[in-house]
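Let's take a walk through this fold, one piece at a time. Have the structure open and turn it as you read.

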Amino acid sequence: MKQAIFTNNLGENLSRFLSKKNYSQYFILMDENTQQHCLPVLQQEVPDLATAVRITVYAGEEHKSLQAVEYVWKRLTEEKADRHAVLINLGGGMVTDLGGFAASTYKRGIDFIHVPTTLLAQVDAAIGGKNGIDFMNYKNQIGVFRQPAAIFVHDGFVKTLP
């Protein structure tokens with residue numbers, strides 16, 4: 001991994017990171033839960049992401065599938081994402097696995113940033129460059145190892161969990 005930031009000031013740190021990059025477009029991948037509970041926090045903390053293209057998938061491990069990846073690729077293609085776009089994966093382990101895989105394989109790899117929102121994602125799923133999807137009822141059957149451009153662990157997201 002290129003950079004892991006543990007912060008209680010997500011806005012300042014993520015904004016600083018993004019300002020040093022020359023990304024052509026911002027995309028935010030999330031599930032329906034993180035869209036409701038975490039996206040408002042992220043967009044309030046990082047105003048530059050207010051115009052980011054949102055890609056929402058269904059929540060739950062059963063949706064870490066080829067169909068979900070195809071949907072992400074379709075949205076990236078429809079929005080004309082190029083090789084200089086970035087996919088910000090806002091969510092738990094399912095979102096970070098799925099998003100990392102989708103970004104790693106779209107146009108032979110675009111940058112992605114993990115913003116894990118669950119404790120397990122913060123200490124496991126977002127770390128180590130493990131990106132993949134489930135296939136034929138086998139967990140992580142298809143995947144790649146590719147490090148995110150950065151990981152931003154914000155403890156405030158854990159407070160959104162039941």
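Gln67 and Glu70 are exposed, and they sit on the other side of α4 from a set of residues that are tucked away. Keep in mind as you look that this is a predicted model. The buried members of α4 are Ala68, Val69, Val72, Arg75 and Leu76. Those five cover an arc of only 125° around the axis, which puts them on the same side of the helix. So what lies over that buried side? The cover for the buried residues of α4 includes the strands β2, β3 (53–57), β4 and β6 (130–135), along with helix α5.

The length of α4 checks out too. With 13 residues at 1.5 Å a residue, α4 should span 18 Å, and its end C-alpha atoms are indeed 18 Å apart. Just past the end of α4 comes Lys80, which takes a positive phi of about 60°. As background, most residues other than glycine have a negative phi.

Stay with α4 a moment longer and find its tryptophan. Trp73 and Phe101 form an aromatic pair of the tilted kind, with 6.5 Å from centre to centre and 40° between the planes. Trp73 belongs to helix α4 (residues 66–78) and Phe101 to helix α5 (residues 93–105), so this pair ties together parts that are 28 residues apart in sequence. The two partners don't have the same surroundings: Trp73 counts as partly exposed because its relative accessibility is 26%, while Phe101, at 7%, counts as buried.

How many aromatic pairs does the structure hold? Two. The other one is made by Phe17 and Phe152, and it is edge-to-face, at 5.7 Å centre to centre and 70° between the planes. This pair links distant parts of the chain, with Phe17 in helix α1, Phe152 in strand β8, and their positions 135 residues apart. Here both rings are out of the way: Phe17 is buried with a relative accessible area of 9%, and Phe152 is buried with 0%.

Phe152 is a handy lead into the core. In soluble globular proteins, nonpolar side chains tend to be buried together. Here, the largest nonpolar core has 24 residues, and those with the most contacts inside it are Leu14, Leu18, Ile28, Leu49, Ile113 and Phe152. The elements that give two or more residues to this core are α1 (10–20), β2 (26–31), α3 (39–45), β4 (86–91), β5 (111–116) and β8 (150–154). Helix α1 gives the most, with four residues. For a close-up, click on Leu18: leaving aside residues up to four places away in sequence, Leu18 touches Tyr23, Tyr26, Val46, Leu49 and Ile113. Apart from this core lies another one, of 22 residues, and among them are Leu87, Val95, Leu98 and Phe112.

Now for β8 itself. Five of its five residues are buried, so β8 is largely enclosed by the rest of the structure. In a regular strand the side chains alternate between the two faces of the sheet. In β8, both faces are covered: Ala150, Phe152 and His154 are buried on one side, and Ile151 and Val153 are buried on the other. What pairs with β8? Strand β1 (residues 4–7) does, in the parallel sense and over four bridges, with Ala4 standing opposite Ile151. Strand β5 also runs parallel to β8, joined to it by two bridges, and there His114 stands opposite Ile151.

Last stop: the hairpin of β6 and β7. These two strands run antiparallel and are joined by five bridges, with Gly132 in a spot opposite Gly143 of β7. The hairpin has two residues between its strands, and Met136 takes a positive phi near 50° there. Met136 is found in the loop between β6 and β7 (138–145), and it counts as exposed because its relative accessibility is 60%. Another positive phi turns up at Asn140, again near 50° and again in a residue other than glycine. Asn140 has its place in strand β7, and at 38% relative accessibility Asn140 counts as partly exposed.

How values were computed:
Residues numbered from 1 in each chain as written. Predicted model: local features only at pLDDT ≥ 70, side-chain atom pairs only at ≥ 80, totals over all residues. Heavy atoms only, no water. Core = buried A, V, L, I, M, F, W, Y, C linked by side-chain atoms within 4.5 Å. Buried < 20%, exposed > 50% of the residue type's maximum accessible area, 1.4 Å probe, protein only. Contact = heavy atoms within 4.5 Å. Phe/Tyr/Trp six-rings, centres within 6.5 Å; stacked < 30°, edge-to-face > 60°. Expected span 1.5 Å × (residues − 1). Arc of directions from axis to C-beta. Pairing = 2+ DSSP bridges.
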